[in-house]
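Thanks for sharing this one. Here are a few friendly notes to read alongside the model.

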Amino acid sequence: VWSALEGLSVRDPHERDKELQTLHVRYPQDFRVMSLRGFVAMEQGALERAEAFWKEAEVYSSHTAVKGWHILLQARSMECRSKQSGALPLYDQAARFFASWQEIAYRTLVCRVKCGFSESATLLLVPLIEKNGHYFNRALIDPEMERGYIQIQTCLSGLWSAMAQKALEEVAALRRMREELSSWFVSGNAFAEELAVRIDGLLKYEGVRNYVAFQKLVNGRLQLDKELQAYVLQESRMYKNSFRAFTERLRVIREESSWFPFPSVLVEFNRTYNKSVANMNWALQANFHNPESFKKAQMLLEREKERLKKLENRLKFLRIIRDSTLFILSVAEKFFWMEIVGLLLIFIVLPLVLLYGDKIGLDLATSVVAKERWQVQKALFVVVSILAAGIACLRTLFRFEAIRDKILAKARVTAAAKQQPAAAHRRDAKTPRCGVGWRSLSPPKRRPCRINDSPPRSRPPT
């Protein structure tokens, strides 16, 4: 079968027909043989015979696409023989197999024009041209539509005028979009650069007096606008999520640094923190669906990343100082109490040894203490101090995390209790500060918004 197909264009039609007849005897239900015989008959001018072969190939076909293809061949053959009444049902049947094949719809309306139903054919032509502008040019010069020339030309004239006017409007819209890219995006944005290239490509069709060029301008501008809307919406959500994440990081920084024991060292730290909080408040309340806010958000995002990184690096140093101070204070506290206990024991035990040492068999110790009492006290004082310092350091070292967490938790509870009346006062006074040197992180006010909505009044970023 495949060798017969390869020789279809080089051999004599009669020789090919004889070879295919032999193959038909060997493979009587092979649709490929019948399909090839139909094409050979078509080359010989026997269209009715070709239709019969394609009908048999349709019966022998097992795949729906192959069946639809042979039905389409039969319909086109009938149309060529001016049998439009028989071709139309076959085109309708083929359209059920290939619903998205526009050529079948075009052949159907051509058959309707040939049958004299030009008005109904124009109803099919308009949606077809709207999907594919090339059918405008094809219908304009198609000699098979000569019977409905006036109706077809009238329909095409209306489509041309409407599309030409739309193309002029879209050219102006494309130029505005090209100019507005700089107000939406910072320089170097990959999406903006790609969009600019595509806009320049569409503007090349300006001045081309062709329906396909008009349609490309109209559809291309609408597609670019949809992509811009989708990109802005996606990026706006990403910016909001990023700023919320930055807000949580700022909360952690505030909680960690608020327990630092030396506030005078935090002047620069507080200034940087307050700038970040002011920018977060603006970002969480701003509407990113307008050019100015969207572009500010792009610049602000990178700036705040660097600022938060700087704050977190600074916070690591503050944690070291805080933990070191807390460790020293904890060791000092334990050393103080152990030293007091040791001194009490020294001042109590030595007199008891002097009084009762002879009675309990400590004659030697009693005589030594009596002769060198102050030296013994000094030695015991040194020993007790060394033991107290060592035990205090070891105890604090092994239990430092628990001690630190306990102290911080207690401090948080105390601070929260003190801030409750202050928070009520701030809500009444509508002040944005939650303490000396710290700004509040207000939650965003959510509302549905679209591109080109007016931005809410909010504090600009610094």
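The points below go from the whole chain to one residue and its helix pair.

1. A word on the basis: this is a predicted model, in which local features need pLDDT of at least 70 and side-chain atom pairs count only at pLDDT 80 or more, while totals for chains, interfaces and linings use all residues. Residues are numbered from 1 along each chain as its sequence is written, and side-chain values use heavy atoms, with hydrogens and water left out.

2. The protein chain has 17 helices and two strands (DSSP runs numbered from the N terminus: H or I of at least four residues for helices, E of at least two for strands). Of its 462 residues, 39% are buried, meaning under 20% relative accessible area with a 1.4 Å probe, protein chains only.

3. Do look at E51, in helix α4 (residues 47-60). E51 counts as buried because its relative accessibility is 8%. Its side chain makes a polar contact with the side chain of R81 at 2.7 Å (N or O atoms within 3.5 Å, one able to donate a hydrogen and the other to accept it; residues adjacent in sequence count only if both atoms are side-chain atoms). Beyond neighbours within four places in sequence, E51 is in contact with Q74, S77, M78 and R81 (heavy atoms within 4.5 Å).

4. E51 also belongs to the meeting of α4 with α5, where its α4 companions include L47 and W54, and the α5 side includes I71 and L73. The residues of this contact divide into eight nonpolar, three polar and four charged (nonpolar: Ala, Val, Leu, Ile, Met, Phe, Trp, Tyr, Cys and Pro; charged: Asp, Glu, Lys and Arg; polar: the others, Gly among them).

Notes:
Buried means under 20% relative accessible area, exposed over 50%, partly exposed in between (1.4 Å probe, protein chains only).
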